[in-house]
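Here's a quick walk through the charged pairs and the ligand site. Have the structure open while you read.

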Amino acid sequence: MKIEILQTAAQVNAKAAWHFIRRAAFDGVLTGVATGDTTRAVYALVAALYETAPFDTSKIRICALDDYAGIEGDHPASCSARIRAQLQVPLHLRSEQLILPEAFPGTPDAVAQAYEERLTSLGGIQTQLLGIGADAHLGFCRPGTPFCSPAHAVQLPEDTRQMLHRKYTLEIKKLPRCGVTLGLKSIMQIPELLVIATGTAKARAVYDSLHHAPDERIPASILQLHPNVTWLLDAEAASLL
Ligand code: GLP
């Protein structure tokens, strides 16, 4: 496990953006992308770098870490829509370059299974960008998620639904109740992980994930057992270490 502490969030974003460009664009490996405020800043920088000095994007293949179920695919809250807006559009990616759960029909459970099978048939995700929740969740793997979980459907907790209500002014009755996420086992099978955390709101989760013995109450603590994970932190996120 590698822990890199940089002074500012801007430095963290730059390092993560270059990781994405190197692995996804130059090496052309299947790259998993988290959505959230942390990675949004990283993708904005990738887009800005592309705008300034366009690089070859033809080898890029990206896939989602998680998404809501029962939300319109073009709704801005949907993780797929955010990946399209933050990466596909600015980098001019063809739709075949995106592998998203929304492409699979059926119940959330069936979607999760079909999505993981598709990723496996493509040789599996080779590198994954991860954000971390303030409760140390990864994707939609909240505290208590079994470490052995494959991709699966989840009931969304009330705080997530309220966040969607506030952030995207979604009507309460239209809020999704379920999500689909890679599981902790799925994440552990990816050969290279980059966890990005910035800001004081993540400091406790970072500390617990790195210093508490691996425990299902702290989902990201499982990463201590991963052979090739880098934690990329700004000074605030690292402030309790
Ligand atoms: C969200 C998402 C994750 C994201 C994480 C951190 O709930 N499901 O994909 O990485 O939590 O989000 P943020 O970067 O907005 O803090």
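In this predicted model, Lys15 and Glu4 pair up in a salt bridge, with their closest N and O atoms 2.8 Å apart. The two sit in distant parts of the chain, Lys15 in helix α1 (residues 9–26) and Glu4 in strand β1 (residues 2–6). Lys15 is partly exposed at 41% relative accessible area, while Glu4 is buried at 18%. Add Lys2 and you get a salt-bridge network of Lys2, Glu4 and Lys15.

The structure holds 15 salt bridges. Here are some of them:

| Pair | Closest N to O distance |
|---|---|
| Lys15 and Glu4 | 2.8 Å |
| Glu192 and Arg23 | 2.7 Å |
| Asp208 and Arg204 | 3.4 Å |

Glu192 is in strand β9 (residues 192–197) and Arg23 in helix α1, so this bridge ties together parts 169 residues apart in sequence. Glu192 is buried at 15% relative accessible area, and Arg23 is buried at 16%. Asp208 and Arg204, on the other hand, both belong to helix α7 (residues 203–211), about one turn apart.

Now for a charge without a partner: Arg82, in helix α3 (residues 79–91), is buried but has no salt bridge. Its nearest oppositely charged side chain, Asp37, is 5.9 Å away. Arg82 does contact Thr35, Gly36 and Tyr168, among others.

Asp37 also turns up at the ligand, as one of the residues that come nearest. A backbone N or O atom of Asp37 lies 2.7 Å from a ligand oxygen; for Thr35 that distance is 3.1 Å. The protein buries 83% of the 400 Å² that the ligand exposes when taken alone.

Notes. Residues are numbered from 1 along each chain as its sequence is written. This is a predicted model: local features need pLDDT of at least 70, side-chain atom pairs count only at pLDDT 80 or more; totals for chains, interfaces and linings use all residues. Side-chain values use heavy atoms; hydrogens and water are left out. Helices (H or I, at least four residues) and strands (E, at least two) are DSSP runs, numbered from the N terminus. Buried means under 20% relative accessible area, exposed over 50%, partly exposed in between (1.4 Å probe, protein chains only). Lys and Arg count as positive and Asp and Glu as negative; His and the chain ends are not counted. A salt bridge is a side-chain nitrogen of Lys or Arg within 4 Å of a carboxyl oxygen of Asp or Glu. Contact means heavy atoms within 4.5 Å. A residue is near a molecule or strand if one of its heavy atoms lies within 4 Å of it. A polar contact is a pair of N or O atoms within 3.5 Å; within protein, one must be able to donate a hydrogen and the other to accept it, and residues adjacent in sequence count only if both atoms are side-chain atoms. Accessible areas come from the Shrake-Rupley method with a 1.4 Å probe; for residues, only the protein chains shown count as cover. Lists of a residue's contacts leave out its neighbours within four places in sequence.
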